[in-house]
Amino acid sequence: MARESPDEAAFEMEMMDYGFHLFTDIGTGEDSVLYRSGPTGYRLAQVRPHPHLVGPVAVPLTVSDLPAPRMNVAGAKRRLNIAGLPFVFFADDTTGRGNVLCHRYDGH
């Protein structure tokens with residue numbers, strides 16, 4: 001997983017036309033996911049949130065103060081299917097590392 005700032009993650013996300021970007025925040029050391037929030041902003045979620053340690057950023061950013069739920073892939077798959085979300089960010093219940101489960105472009 002790349003070590004980046006939220007600004008770098010936003011740039012990469014936009015250049016690759018991703019709906020989210022999983023990375024390790026260089027300022028906090030936390031596994032994090034960045035995704036679009038509203039028409040022009042971004043939202044940052046972290047395995048263990050440190051909103052006060054996220055440095056100044058150029059992109060419009062809000063930071064979740066909720067930790068990522070701990071679960072396994074099967075639990076994340078259930079959550080993805082039940083909630084109808086485009087992706088689920090979670091902390092692996094064995095390793096504690098941040099993971100994302102998403103629907104593929106073909107819907108699977």
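This tour goes from the whole chain to its cores and then to three single residues.

**Whole chain**

Start with the full chain in cartoon view. The model is predicted. Look for 2 helices and 8 strands. Trace them from the N terminus, and the order reads β-α-β-β-β-β-β-α-β-β. The radius of gyration is 13 Å, close to the 13 Å that the globule rule gives for 108 residues, so the chain is as compact as a globular protein of that length. Turn the C-alpha trace along its principal axes: the spans are about 35 × 30 × 20 Å.

Now switch on the surface. The accessible area of the chain is about 6,500 Å². Carbon and sulfur atoms hold 57% of that area. Of the 108 residues, 37% count as buried.

Color by charge next. There are 10 positive and 13 negative charges. Their mean positions lie 9 Å apart.

One more figure for the whole chain concerns contacts with a separation of 6 or more. Residues 24 or more positions apart make up 25% of these.

**The largest core**

Which residues form the largest nonpolar core? Select A9, A10, M13, F23, L34, Y42, L44, V54 and V59, and you have its 9 members. Two elements, α1 (6–16) and β4 (41–46), each give two or more residues to this core. The largest share, 3 residues, comes from α1. In soluble globular proteins, nonpolar side chains tend to be buried together.

Stay in this core and center on A9. Set aside residues up to four places away in sequence, and A9 touches E4, H21, F23 and L34. A second core of 8 residues is separate from the largest one. To find this second core, select V47, A68, F87 and F89, which are among its members.

**T24**

Move to strand β2, where T24 sits. Is T24 buried or exposed? Its relative accessibility is 5%, so T24 counts as buried. Show the residues around T24, leaving out neighbours within four places in sequence. The contacts are M1, A2, R3, E4, G29, E30, D31 and R97. Then draw a C-alpha to C-alpha distance from T24 to V47. The two are 23 residues apart in sequence and 9.9 Å apart in space. V47 is one of the residues of the second core.

**D17**

Next, select the loop between α1 and β2 (20–25) and pick out D17. What is the phi of D17? The angle is positive, about 60 degrees, although D17 is not a glycine. Most residues other than glycine have a negative phi. On the surface view, D17 is exposed, with a relative accessible area of 59%.

**L101**

Finish at strand β8 (residues 98–102), which holds L101. L101 has 22% relative accessibility, so it counts as partly exposed. The cut-off for buried is under 20%.

Which residues does L101 contact, leaving aside neighbours within four places in sequence? Select V73, A76, K77, L80, F87, V88 and F90 to see them. F87 also belongs to the second core. For a last distance, join the C-alpha atoms of L101 and A76. They are 25 residues apart in sequence and 6.8 Å apart in space.

Key. Residues are numbered from 1 along each chain as its sequence is written. This is a predicted model: local features need pLDDT of at least 70, side-chain atom pairs count only at pLDDT 80 or more; totals for chains, interfaces and linings use all residues. Side-chain values use heavy atoms; hydrogens and water are left out. A nonpolar core is a set of buried Ala, Val, Leu, Ile, Met, Phe, Trp, Tyr and Cys residues joined through side-chain atoms within 4.5 Å. Buried means under 20% relative accessible area, exposed over 50%, partly exposed in between (1.4 Å probe, protein chains only). Helices (H or I, at least four residues) and strands (E, at least two) are DSSP runs, numbered from the N terminus. Contact means heavy atoms within 4.5 Å. The radius of gyration is taken over C-alpha atoms; the globule rule is 2.2 Å times the number of residues to the power 0.38. Accessible areas come from the Shrake-Rupley method with a 1.4 Å probe; for residues, only the protein chains shown count as cover. Lys and Arg count as positive and Asp and Glu as negative; His and the chain ends are not counted. The place of a charge is taken as NZ of Lys, CZ of Arg, CG of Asp or CD of Glu.
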